[in-house]
Amino acid sequence: MNNEKESRPSPIDVHVGSRIRLRRTLLGMSQERLGDSLGLTFQQVQKYERGVNRVGASRLFDLSRVLDVPISFFFDDMPDSLAATFGGTPQRRGGNSQDAADPFGDDTLSRRETLELVRAYYRITDPSVRKRIFDLIKSMGPPEA
């Protein structure tokens, strides 16, 4: 039974891997391109993303640099039960306070529509046009609290 437990990926490694995949996908980056940037094969990137291989501290640092996110990004939005089980702080949501409500629900960032919207936004090469579109979209939603 102990060998069976050791052969399964840690839930934390699976969560970190899913965050790597999320950010890579939001950037429209292939596994191969991410691997090239890190000196890895795309198969190694796949294993990180599935949580099969544990991401070491120096590799996490490299990933944060290449994917242009803080290291804490990989641990954000960890399920409360997982954080509590492994001694973390429950209800950590992207660095926001615990009282902030998530207006989108839990799966917004993983929806295809969200990914396509973000990719299309970053394909706009003119920063002033991108800013105007951003302002337009914000103006169409409810006022921020």
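The exercises below work through the helices of a predicted model and end with two of its loop residues.

Local features in this predicted model need pLDDT of at least 70 and side-chain atom pairs count only at pLDDT 80 or more, while totals for chains, interfaces and linings use all residues. Residues are numbered from 1 along each chain as its sequence is written, and side-chain values use heavy atoms, with hydrogens and water left out.

**Exercise 1. Describe the make-up of the protein chain in helices, strands and buried residues.**

Step one is to count the elements, taking helices (H or I, at least four residues) and strands (E, at least two) as DSSP runs numbered from the N terminus; the protein chain then has eight helices and zero strands. Read along the sequence, the pattern is α-α-α-α-α-α-α-α.

Step two concerns burial, where buried means under 20% relative accessible area, exposed over 50% and partly exposed in between (1.4 Å probe, protein chains only). Of the 145 residues in the protein chain, 27% are buried.

Step three turns to contacts, defined as heavy atoms within 4.5 Å: among those between residues at least 6 apart in sequence, 53% join residues at least 24 apart.

**Exercise 2. Characterise helix α2 and state which helices its buried residues pack against.**

Begin with the span: α2 covers residues 11-26, and its 16 residues reach 22 Å from first C-alpha to last, close to the 22 Å expected at 1.5 Å a residue. The expected span is 1.5 Å times one less than the number of residues.

Next, list the buried residues of α2, which include V16, I20, L22, T25 and L26. The buried residues of α2 pack against α3 (31-38), α4 (42-50), α5 (57-66), α6 (80-85) and α7 (112-123). After α2 comes G28, with a positive phi near 70 degrees.

**Exercise 3. Work out how α2 packs with α7, and follow L26 in that contact.**

First take the geometry, with axes as lines fitted to C-alpha atoms (for helices over the stretch in contact) and angles running from 0 to 180 degrees between N-to-C directions: α2 and α7 pack at about 45 degrees, their axes 9 Å apart. This makes α2 oblique to α7, since angles under 35 degrees count as roughly parallel, over 145 as roughly antiparallel, 65 to 115 as roughly perpendicular and the rest as oblique.

Then identify the residues: L22, T25 and L26 in α2 meet L115, V118 and R119 in α7.

Finally, L26 counts as buried because its relative accessibility is 13%. Not counting residues up to four places away in sequence, L26 touches L115, V118 and R119. L26 and T114 lie 88 residues apart in sequence, yet their C-alpha atoms are 8.6 Å apart in space.

**Exercise 4. Determine the angle between α3 and α5 and the residues that meet there.**

Start with the axes of α3 and α5, which are 10 Å apart and stand at an angle of about 120 degrees; α3 and α5 are therefore oblique to each other.

Continue with the side chains, where L34, S37 and L38 in α3 meet R59, D62, L63 and V66 in α5.

**Exercise 5. Compare the accessibility of D68 and D77.**

Locate both first: D68 is in the loop between α5 and α6, and D77 is also found in the loop between α5 and α6. Although not a glycine, D68 has a positive phi of about 55 degrees, and D77, not a glycine either, has a positive phi of about 60 degrees.

For accessibility, D68 counts as exposed at 61%, whereas D77 is partly exposed, with a relative accessible area of 31%.
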